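Dear colleague,

I am passing on the structure below, together with notes on what was found in it. Please look through the sequence and the model first, and then read the notes beside them.

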Amino acid sequence: MSIVFLNDGFMPIEEAKISPLDRGFLFGDGIYEVIPTYNGKAVGLEPHMQRMFDGLAAIGIKSTKTLAEWRELIEQLLEANEGDYLGVYLQVSRGADVKRYHAYPENVEPTIFAMTTAIKPAIAADASAAKGFSVSTTEDMRWKRCQIKSTALLGNVMHFQQGYENGSDEILLYNENNFLTEASSSNAFIVKDGVVITPIADNQILPGITRKLILDILEKDGSIPVEVRNVSMEEVFNADEVWVTSSSKEIAPVTSIDGKVVGDGKVGQVWEAAFKLYTAHKYEY
Ligand code: PDD
């Protein structure tokens, strides 16, 4: 049975009820996070919570819990739920008003909801065992505030579905200038001539925590050069390796794009080295 947290308490999911006037439901007016945990150990808890605080501030919701309180809530949630590999899903919506009206209401209490969802165990850092993702591509049709981790995910959901209907594991997105932004639920990286390259974190992408950790770990290690800059789709199609990254999939190597093989069609060596470094250092964040 799944135990969730809603507002002030823990309860079985069947007992968690929210008002139909909750602005999370009516408008997707809220912020969410997904924090990966492996055997009770979280990866990037503080940067995840910082991104959530930034998102709440960006949309004018006053954070109702401190970092220490969130940490305690997450620990209790993990204790209450079974499973070795759990994503902790947190959501804060603006709350429920007495009517449906677009302007931010005053004096409503944010709705806090948290649950765990099963995530895959970290994939083996072994190129021969790792399965490559097959992805499609499409023009990014979402909004211009992608840095906000909004619960209003319809744009992302529609893009993911487009890929899913083509049998793809993910879909890479590009802007009107033919530059890579990210993927529907992941950030994207390419590797060319041994250099790891990822788009700049501006309003066109979510500043992924996995992305941030990878950049930091690679920069500190120093053996693999890294560049953060615009990446054209031509570069994507001519890359030696392509990766998609997120809290639930860590670093996933991509071996085919729109039915064409990436590099030699095998999981890449730079991925293997980067994934080993990520696995060795991820709990430091
Ligand atoms: N997705 N970009 C988008 C659009 C995302 O939805 C996600 C994460 C990422 C990667 O961010 P991070 O490394 O912090 O997980 C990038 C989450 C996991 C989801 O919605 O389920």
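**A buried salt bridge**

Arg 94 counts as buried, with a relative accessibility of 5%, where buried means under 20% relative accessible area, exposed means over 50% and partly exposed lies in between, all with a 1.4 Å probe and protein chains only. Please keep in mind that this is a predicted model, in which local features need pLDDT of at least 70 and side-chain atom pairs count only at pLDDT 80 or more, whereas totals for chains, interfaces and linings use all residues. Residues are numbered from 1 along each chain as its sequence is written, and side-chain values use heavy atoms, with hydrogens and water left out.

What does Arg 94 pair with? Its salt-bridge partner is Asp 29, and the closest N and O atoms of the two are 2.6 Å apart; a salt bridge here is a side-chain nitrogen of Lys or Arg within 4 Å of a carboxyl oxygen of Asp or Glu. Asp 29 sits in the loop between α1 (23-27) and β3, while Arg 94 sits in the loop between β5 (85-93) and β6 (111-118), so the pair ties together parts that are 65 residues apart in sequence. Helices (H or I, at least four residues) and strands (E, at least two) are DSSP runs numbered from the N terminus. Asp 29 is also counted as buried, at 9% relative accessibility.

**Other salt bridges**

By the same rule, the count of salt bridges comes to 13. One of them joins Glu 250 and Lys 282, whose closest N and O atoms are 2.8 Å apart. This pair links distant parts of the chain, since Glu 250 belongs to strand β14 (residues 250-257) and Lys 282 to the segment after α7 (269-281), 32 residues away. Glu 250 is buried, with a relative accessible area of 2%, and Lys 282 counts as buried at 3% relative accessibility.

Lys 276 and Glu 272 form a salt bridge of another kind of spacing, both lying in helix α7 and 4 residues apart, about one turn of the helix. Their closest N and O atoms are 3.4 Å apart, and Lys 276 is partly exposed, with a relative accessible area of 45%. Returning to the first pair, salt bridges that share partners join Arg 23, Asp 29 and Arg 94 into one network.

**The ligand and its surroundings**

Which residues are closest to the ligand? Of the 20 residues that surround the ligand, the closest are Tyr 32, Glu 182, Ile 209, Thr 210 and Ser 247, a residue being taken as near when one of its heavy atoms lies within 4 Å. By class, this shell has 5 nonpolar, 11 polar and 4 charged residues. At least three residues of the shell come from each of domain 1 (3-118) and domain 2 (133-284), with domain bounds taken from an automatic or database assignment. Elements that each supply at least two shell residues include β3 (30-38), α2 (45-58), β9 (180-183), α5 (209-221) and β13 (241-246).

On the polar side, a backbone N or O atom of Ser 185 lies 3.4 Å from a nitrogen atom of the ligand. Ile 209 places a polar backbone atom 2.8 Å from an oxygen atom of the ligand, and an N or O atom in the side chain of Thr 210 is 2.6 Å from a ligand oxygen atom. Taken alone the ligand exposes 480 Å², of which the protein buries 89%, with areas from the Shrake-Rupley method.

**Loops with positive phi**

Asn 107, in the loop between β5 and β6, has a phi near 60°, a positive value in a residue other than glycine, and it is exposed, with a relative accessible area of 80%. Asp 193 also has a positive phi, of about 50°, although it is not a glycine; it is found in the loop between β10 (187-192) and β11 (195-198) and is exposed, with a relative accessible area of 66%.

**Two further positions**

Is Leu 172 buried or exposed? Leu 172, which lies in strand β8 (residues 170-174), is buried, with a relative accessible area of 1%. Lys 131, by contrast, is exposed at a relative accessible area of 61%, and is found in the loop between β6 and β7 (133-139).

With best wishes

Note on methods
Polar contact = N/O pair within 3.5 Å; in protein donor to acceptor, adjacent residues only side chain to side chain. Areas by Shrake-Rupley, 256 points an atom, 1.4 Å probe, with all protein chains shown as cover. Nonpolar A, V, L, I, M, F, W, Y, C, P; charged D, E, K, R; others polar.
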